[in-house]
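Me: I'm new to this one, so could you walk me through it in questions and answers?

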Amino acid sequence: MSRFYRDSPFLGVFFLYGLLLPPTPRPDVSHLLSSHPTPNAQSRGLIPTSWGQGWALPAPRRPFLAPEPVWVLAWLRSGLWGPGQGWGLRLAQGEGTRIARGPPGPAPVPARQAPHPGAGAPRLRSSPAGSDSAERSSPGPPPSSGLPGALVILAPQRPSERSAARSKPRSAAGALGWILSAMRWLRAAALLLWAGLGLARDYPFRDPTLPWEQRLDDLIGRLTLPELVLQMARGGAKYNGPAPPIERLGIKPYNWNTECLRGDGEAPGWATAFPQALGLAASFSPELIHRVANATATEVRAKHNYFVSTGNYGDHTGLSCFSPVLNIMRHPLWGRNQETYGEDPFLSAELAVAFVQGLQGNHPRYVKASAGCKHFSVHGGPENVPVSRLSFDAKVQERDWRMTFLPQFQACVHAGSYSVMCSYNRINGVPACANRKLLTDILRAEWGFRGYVVSDEGAVELIMLAHHYTRSFLETAIASVNAGCNLELSFSLMGNVFMSISEAVAQGNITLETVRARVRPLFYTRLRLGEFDPPAMNPYSALDLSAVQSPAHRTLAVEAAVKSFVLLKNERGTLPLSVQALTGKRIAVVGPFADNPRVLFGDYAPIPYPQYIYTPRRGLETLPANVSFAAGCNEPKCQRYSPGEVEGAVRAADVVVVCLGTGTDLETEANDRRDLSLPGHQQELLQDTVAWAAGHPVILLLFNAGPLDVGWAQAHHGVGAILACFFPAQATGIAIAKVLLGEEGASPAGRLPATWPAGMDQVPAMENYTMEGRTYRYYGPGAPLYPFGYGLSYTTFLYRDLALSPTALPLCANLSVSVVVENTGPRDGEEVVQLYLRWAQPSVPVPRWQLVGFRRVPVAAGRAAKLLFLVTHVQRAVWAEQWLLEPGAFTLFVGGQQPGQETRARSEVLQAEFTVTGTTRPLSRC
């Protein structure tokens, strides 16, 4: 809201306080209140009112601050305590606004042309008898000075009038009149306070007591076609944003371009940096992701409140997040693997629901920050190898589209996401942002989506420029808008594609009704964010910068990093290390990731205050040991290797920690990796370290997203432990120290959210979009280096007492599952219990097995936990031109990993059979 609505509660309280004070002499303001122009008045910046009875002091204006209705304190010809003895009140308004709170009226017109607001709008005016009366549509000066947001000062009574009024004796009737007058003033003061608290509004769309749809009807109905077009055409970024203000309605600018993947990414100022999305997925913990998303929204909202208070509507200052990323990690070299939740649609769907609900909050009326799932759809590489993502055509079979690339987006929609971002690529020849089947038939008609579709940055222009699907911006606007795109996020263009919408409407290619329908969810989102309600109603409006990087958020960042780590190897009990054994010993931490903060964050990272960033070196220096450091390479590409410095540090050490990986120098948006190898001389650095360590423990820490070929390290006994850390961000060093020591709550329990192949011979070509041979669901005959769902622990677990109920169930029934997991090791720990479903004889191709349930559960040493799961009938559905449920035999596997893997944890995997009876029927008939 504007500065007035923030400050006006204090104005109301101040006025009520003034009513309790004794009358005071009127200050001499004759030099300001002459009925005729004077140099003195003009020199003080006063402007004559349009009705010639006084002067108006223009209110200060901020950039982008739309004039809104204002309550004006003014001099009246008589005062509260008697004729001519006090301050009076007049209700006035700024240009282009309304005072009336009654039934909706016609759209406002500029103040100089507006009729007197008598239709239900009480107005105080002075009466010759010295008492003030509230009248409707009574004669008198116009309600506005003709100046937006002006403070109106009316001329005082003539001295002769005041003397005559003062000479009259005050009778009992006069006293009664005085009391009635005072009561009217109290009522007016209450009205002022009421307005100050934000309970009065000038338009129905600002009335919080009305239903959302009625408010939207009012708002959208007031917008002209040029205004509608600008709201659709200004999605950001840079010069393409923000969505402009609509000053005549008091609507402020709004910037849609905000990133919230794991913190307030790329926004001005500091923010807590949580681990990259792929690392969060490795936690297999929806509950953790819910808390991370909620903390992210808190900081986004707090900073937004500050930005608005300073008039900053630039990039990344809004509340509408382009997060989460729900694309499937289908190729190990794709540059954006790090932003995803891995390769499984069910895991991605469960984490998406947690993120959306956490980000948006649980308030029954207001959204803390709105979610937007991207990139919709069939978007998983390439970025730039072998061809550009900007012109790529993903040719996908309908079954793969439905069973792999769409389910997590459907879950996002059902979780309540306010937006979806259409992707750069074509899908079977049709650009995603002009794809009616995708944006209307599937998204809206099948799934019931009521939010808005925003384009990826520049994706609408690229429909013509890269895909050559259209021949002009006009054709492109027609195709995209009619397909279902609401908002264009442009390459910093002001004359972008959606600016052609007006021409398309004029030619009859887009209807005005379609344009209004496209703008409607944009303003519905802003309504639910609380923009048009009194701030006092919205608890999120109270968040301030003290919430950013709070101690609770920094603690959560450590917890999230700890839970994201995956223990890939642990020979001879190398880990955990003992504090007692380390005391006074020497630890060497080496490699390009050992003490370089920049490479630990990944893409779309928030920027935390530097003192909160802990590199591996800084974290290990908190241990009671002597820590030495040698980078060997100064950057991840490791093109220049200095073995001498590494040798000196390693030979003198009792324990060696090697920090290797990729970072955004090698894998990021617009940049795919070329192979699975450790970059540059990193493999040489590792092999030299093992040789120089001469039998002392060597611990390998990996900082990457896409899989790496660490087959040598996995096989060589000189490497005692391997820990996959992904991109843990600000808490890296603290989390590493905790996990290496196995502190309470820091026993590794992460699981790989994607398969690590043993070599590129196991990986189909990037541009081939069939799922055959990809991910654990359709993997080829060779064994991967590390399978999906794999991860070790510092303790051991035993599974027993698996029970299914019923073992024979009707087609549309759900399956109840119970299992007991027991911690048989010496340490407390967490286990990720995984359920996989296998079809025996499906009529169409399906995954070899499919994750259908998981839970991360803490189990104390020597204790057991009984877990209950529900496998729904929807999870048995297959795609055969529609979703079908088929009868037959099924197998359910339950354990801490997939069944039948060569690289595996020590715990067993249980299995049980069940059958489904009946005849094949569409899922929609259940």
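Here is a short run of questions and replies.

Me: What kind of model is this, and what is the average pLDDT of the chain?
Reply: This is a predicted model, so local features need pLDDT of at least 70, side-chain atom pairs count only at pLDDT 80 or more, and totals for chains, interfaces and linings use all residues. Residues are numbered from 1 along each chain as its sequence is written, and side-chain values use heavy atoms, with hydrogens and water left out. pLDDT is the predictor's confidence in each residue, from 0 to 100. In the protein chain, 78% of the residues score at least 70, and the average is 84.

Me: Which strand has the lowest confidence in the protein chain?
Reply: pLDDT stays under 50 over residues 1-170, and it is also below 50 over residues 194-201. Where pLDDT is low, the predicted coordinates should not be read in detail. Strands here are DSSP runs of E with at least two residues, and helices are runs of H or I with at least four, numbered from the N terminus. Confidence is highest in strand 19 (residues 721-724), at 99, and lowest, at a mean of 30, in strand 3 (residues 72-74).

Me: How many helices and strands does the protein chain have, and what share of its residues is buried?
Reply: The tally is 23 helices and 30 strands. Buried means under 20% relative accessible area, exposed over 50%, and partly exposed in between (1.4 Å probe, protein chains only). Of the 926 residues in the protein chain, the buried share is 60%.

Me: In what order do the three strands of the open parallel sheet come?
Reply: Two strands pair if DSSP finds at least two bridges between them. Strand 8 (372-376) and strand 13 (452-455) are the edges, each pairing on one side only. Strand 8 pairs with strand 10 (residues 419-422) over three bridges, in the parallel sense. That open sheet has the order 8-10-13.

Me: Which helix lies across strand 8, strand 10 and strand 13?
Reply: Contact means heavy atoms within 4.5 Å, and angles run from 0 to 180 degrees between N-to-C directions of axes, which are lines fitted to C-alpha atoms, for helices over the stretch in contact. Helix 11 (residues 407-414) packs on the sheet by touching strand 8 and strand 10, at about 155° to strand 8. The one lying across strand 8, strand 10 and strand 13, at about 150° to strand 13, is helix 12 (residues 436-446).

Me: Which residues touch the most other members of the largest nonpolar core?
Reply: A nonpolar core is a set of buried Ala, Val, Leu, Ile, Met, Phe, Trp, Tyr and Cys residues joined through side-chain atoms within 4.5 Å. The largest one has 205 residues, and its largest share, eight residues, comes from helix 9 (residues 345-360). The members touching the most others are Phe523, Leu568 and Val590.

Me: Is Glu339 buried or exposed?
Reply: Glu339 sits in the loop between helix 8 (286-309) and helix 9. Leaving aside neighbours within four places in sequence, its contacts include His375, Asp603 and Tyr604. Because its relative accessibility is 1%, Glu339 counts as buried.

Me: What distance separates the C-alpha atoms of Met537 and Tyr366?
Reply: Met537 lies in the loop between helix 16 (512-528) and helix 17 (551-564), and it is partly exposed, with a relative accessible area of 33%. Not counting residues up to four places away in sequence, Met537 touches Pro208, Arg365 and Tyr366. Met537 and Tyr366 are 171 residues apart along the chain, yet their C-alpha separation is 9.3 Å.
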